[in-house]
Amino acid sequence: MKIKKFFTLSNLLYTGSILFAFGVLLKTYIDRSAVPEGVCPLNNNRSLIVIAIVLLLLVTAVTSFMDYKKKHR
């Protein structure tokens, strides 16, 4: 793949993962107001939080690979 395609992919993944992570945080905040005191709202959203973290790690990997390709050209 060309560097420009990796750059576009990296930007799209970054924007999507940040928006997804923001949505998960907002959902957790809204859920926190609906549960009784002493209940952890993160347990209900654990899978969404894991997906957000994996997306952010994927962005880091793609960006690192892109930098590696740029240096070896």
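Which residues are buried in α2? They are Ala52, Val59, Val62 and Met66, where buried means under 20% relative accessible area, exposed means over 50%, and partly exposed is in between (1.4 Å probe, protein chains only).

## Before you dive in

What you're looking at is a predicted model, so local features need pLDDT of at least 70 and side-chain atom pairs count only at pLDDT 80 or more, while totals for chains, interfaces and linings use all residues. Residues are numbered from 1 along each chain as its sequence is written, and side-chain values use heavy atoms, with hydrogens and water left out.

## Helix α2

Helix α2 covers residues 46-71. Helices here are DSSP runs (H or I, at least four residues; strands are E, at least two), numbered from the N terminus. With 26 residues at 1.5 Å each, α2 should span 38 Å, and its end C-alpha atoms are indeed 38 Å apart. That expected span is 1.5 Å times one less than the number of residues.

Two leucines of α2 are worth a look. Leucine 57 sits in this helix and counts as exposed, at 56% relative accessibility. Its C-alpha atom is 9.8 Å from that of tyrosine 14, 43 residues apart along the chain. Leucine 58 is also in α2, but it is partly exposed, with a relative accessible area of 41%. From its C-alpha atom to that of serine 17 is 9.2 Å, with the two residues 41 apart along the chain.

## Helix α1 and its salt bridge

Helix α1 takes in residues 3-34. How many salt bridges does the structure hold? Just one, counting a side-chain nitrogen of Lys or Arg within 4 Å of a carboxyl oxygen of Asp or Glu. The partners are aspartate 31 and lysine 27, whose side chains meet at 3.0 Å, N to O. Both lie in α1, four residues apart, which is about one turn of the helix. Lysine 27 is partly exposed, with a relative accessible area of 38%. As a rule, side chains of opposite charge can pair when their charged atoms come close.

## The loop between the helices

Proline 41 belongs to the loop between α1 and α2 and is buried, with a relative accessible area of 11%. Its C-alpha atom is 6.2 Å from that of threonine 28, 13 residues apart along the chain.

Asparagine 45 is in this loop too, and at 2% relative accessibility it counts as buried. Here the C-alpha atoms of asparagine 45 and leucine 58 are separated by 20 Å, with the residues 13 apart along the chain.

## Patches on the surface

Patches are built from residues with over 30% relative accessible area and no salt bridge: like charges are joined within 9 Å, and nonpolar side chains (Val, Leu, Ile, Met, Phe, Trp, Tyr) within 5 Å. The areas come from the Shrake-Rupley method with a 1.4 Å probe, and for residues only the protein chains shown count as cover. Phe22, Leu26, Tyr29 and Ile30 make a nonpolar surface patch of about 460 Å². Phenylalanine 22 lies in α1 and counts as exposed, at 55% relative accessibility.

A patch of positive charge gathers Lys2, Lys5, Lys69 and Arg73. Lys and Arg count as positive and Asp and Glu as negative, with His and the chain ends not counted. Each charge is placed at NZ of Lys, CZ of Arg, CG of Asp or CD of Glu. Lysine 69 has its place in α2 and is partly exposed, with a relative accessible area of 37%.
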